[in-house]
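I opened a fresh notebook page for this protein and put the sequence beside the coordinates. My plan was to go from the whole chain to helix pairs and then to single backbone angles.

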Amino acid sequence: MVRPVVRIAPNEVDVSDRDAAREIHRARGGFLKSSFYTTAGKVQSLFSTTDPTFHSNRRRLLGPCFTEASLSSLEPVILERVRLAVRKLGDESKTTGSADVLKWWTLLAMDIIGELSFGDSFHLLEYGKASSCPLSHVAHARQRIFAYNKERVARYMQLVGTNPDITKNTLFTSLLKDASSGLTEFDLTVEAQSYITAGTDTTGVTLTYLVYAVCQDKKIQDTLVRELQSVPDDLTHRDVRDLPYLNCVVEEALRRYGAAPGCLPRVVPSEGATLAGQHLRSGTIVSTQAYSVHRDPEAFPNPEGFDPSRWENPSKKMKDAFMAFGTGPRGCIGIHLARMELRLAAALFFRTFPNARISTKDGMSDSDMEENISFLLMPKGHRCLVEVG
Ligand code: HEM
C-alpha cells in the first residue's frame, strides 16, 4: 500500500494524497509557501513571495495580463516565433541529419517570454544557441542579467511613454499605461526575470517530452497527424485550440512529463492540520508533488503509460489529481500562455513533419530521455535528437 504522508526530514513530510493536495493549495487554506522560495537579497516577486498580502496584490495586477483574451492580442508574436523554431529545426535536421528539439523548444520558450516582456525577442532562435548572448550564464551572472533586463524594461517604458499608440503590446503594456498600478521599473524587471525563469525550461522540456512520447507510439502519432490534416498550413491558435486529440496529447504530456513534477513546499498553519488522516503540527513543511499525484493509479490506471485517450472523457478523480501547473491561488499564472505554446508548437511540428522520429544518431537513445528531477524535470542527456525528413 502506498502511504500518502511520508516523513522525509525531521520537520518535513511529503503528501501524495490528491484530496490533501487540494486542501494544502486551496484559497485561504492558510498553507503558505515555505522559505524554500525566498530568494537571495529577499527581493519579492509574484513567484517567490511568501507573503499572502503581497501576493494577492501583485496577482490582482498581473493576472489580467495572462487571460486568454489578453494573450490573443499577443498571438502573432508567439506564432511567428513558433514558425521560426519549426523552420530552424527542420533546417538543422536537413543539414546535420537530426535536430535537437530540446534546444529549439527551449530557445523558443525563452524568445517568446522575452518578447512578451520587453517588446523585443532575445533572437535566440536566430542565433541557434543561448551561449552567444548575455543570458548565457544564468546561474553565474544574475546581476548582469538583471541589469540587462532592467535596461530592456526601461527602454520599453520609455517607448510607451513617448509613443503609446505605436508601441508593440507586451504583458506589461496595460500596467504601464495605468499609472495607478504603482509598479516601478524595478518591480517589472523582477517580474520579467521570474517569468523567464518560470516559463522557459518548463515549457521547453514539456514540449520536448511531448514530441518524444508521440514519436514512440505510431498509433498516437498517426491519430494526431490525421487530426492535424484538417487545419490549414498557416494555422493559428483558433484553428487548433479545440482540436480534441491535440488537447488530449497536451494534457497527457503535462500529466506524465509536466516539467515541474517536484516538491512544492508549504507550511502547516498555526492551528495544525489533519491531512490524509495524519495530524501535523503547526510549522511542519508539507510538500506535494505532481510526480506522485499524477501517478495515482486510481485516477490514472497504468500511470506510467502515455495514453492521450484517457483524457477523452476525464473523470472527476483525474481532474482533481491534475496539478501540472500547481493549483489554487499560487497556481501557474502562465497556464494559458503555456497551453497556447504547447498546442501551437505541437500542431505545427507534427503538421510539418508527420514522419518525425527519434534519432539514433550520435548515440542518441532512450537513456538520454531518462527523467532527472529536482524541482524541475530535465532529460538526463540534455538533448532529444529527432529526424524529420
Ligand atoms: C508547461 C509549462 C509550465 C509549467 C509545467 C508550469 C508549472 C508551474 C507550477 C507547478 C507552478 C506552481 C509553483 C509552486 O507552487 O511552487 C507555477 C507557478 C508560476 N508559473 Fe508556471 N509553469 C509553466 C509555464 C509558465 C509560463 C510560460 C510562465 C510565464 C509567465 C509561468 C510563470 C509562473 C509564475 C509567475 C508562477 C507563480 C504564480 C504565483 O505564485 O502566483 N509559468 N508554474
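What percentage of the 389 residues of the protein count as buried? I looked this up before anything else, keeping in mind that the model is predicted, and found that 42% of the residues count as buried.

**Entry 1, the whole protein.** I listed the secondary structure and obtained 16 helices and 12 strands. I then took the box of the C-alpha atoms along the principal axes, which came out at roughly 60 × 60 × 35 Å. For the radius of gyration I noted 21 Å, which agrees with the value near 21 Å that a compact globule of 389 residues would have. I also checked how far along the sequence the contacts reach: among those between residues at least 6 apart, 70% join residues at least 24 apart.

**Entry 2, α5 and α9.** For each helix pair I recorded an angle and a distance, because two packed helices are described by the angle between their axes and the distance between the axes. Helix α5, residues 101–118, packs on helix α9, residues 185–199, at an angle of about 160° with the axes 9 Å apart. Since angles over 145 degrees count as roughly antiparallel, I entered α5 as roughly antiparallel to α9, and I noted that their crossing is right-handed. On the α5 side I found Ala109, Met110, Ile113, Gly114, Ser117 and Phe118, which meet Ala192, Tyr195, Ile196 and Gly199 in α9. Sorted by class, the residues of this contact are seven nonpolar, three polar and no charged.

**Entry 3, α11 and α13.** How do the axes of α11 and α13 cross, and at what angle? The axes of helix α11 (residues 218–228) and helix α13 (residues 244–257) come within 8 Å and cross at roughly 135°, which makes α11 oblique to α13. I logged this crossing as left-handed. The contact brings Thr223, Leu224 and Glu227 in α11 together with Tyr245, Leu246 and Val249 in α13, and I counted its residues as four nonpolar, one polar and one charged.

**Entry 4, α13 and α16.** I stayed with α13 and turned to helix α16, residues 335–352, where the two pack at an angle of about 120° with their axes 10 Å apart. Here α13 passes α16 in a right-handed crossing. The contact is made by Leu246, Val249 and Val250 of α13 and by Arg339, Leu342, Arg343, Ala346 and Ala347 of α16. By class I wrote down six nonpolar, no polar and two charged residues. Going back over the lists, I saw that Leu246 and Val249 of α13 appear in the contact with α11 and also in the contact with α16.

**Entry 5, positive phi angles.** Where along the chain is alanine 276 found? I located alanine 276 in the loop between β6 (273–275) and β7 (278–280), and its phi is near 50°, a positive value in a residue other than glycine. Alanine 276 has 17 other C-beta atoms within 10 Å and is partly exposed.

I made a parallel note for aspartate 362, which has a positive phi of about 50° although it is not a glycine. Aspartate 362 lies in the loop between β9 (357–358) and β10 (371–373). With 13 C-beta neighbours inside 10 Å, aspartate 362 counts as partly exposed.

Definitions and conventions
Residues numbered from 1 in each chain as written. Predicted model: local features only at pLDDT ≥ 70, side-chain atom pairs only at ≥ 80, totals over all residues. Rg over C-alpha atoms; globule rule 2.2 N^0.38 Å. Buried ≥ 20, exposed ≤ 12 C-beta atoms within 10 Å, placed from the backbone. Contact = placed C-beta atoms within 7 Å. Axes fitted to C-alpha atoms, helices over the stretch in contact; angles between N-to-C directions. Parallel < 35°, antiparallel > 145°, perpendicular 65-115°, else oblique. Left-handed = near helix turned anticlockwise from the far one by under 90°. Nonpolar A, V, L, I, M, F, W, Y, C, P; charged D, E, K, R; others polar.
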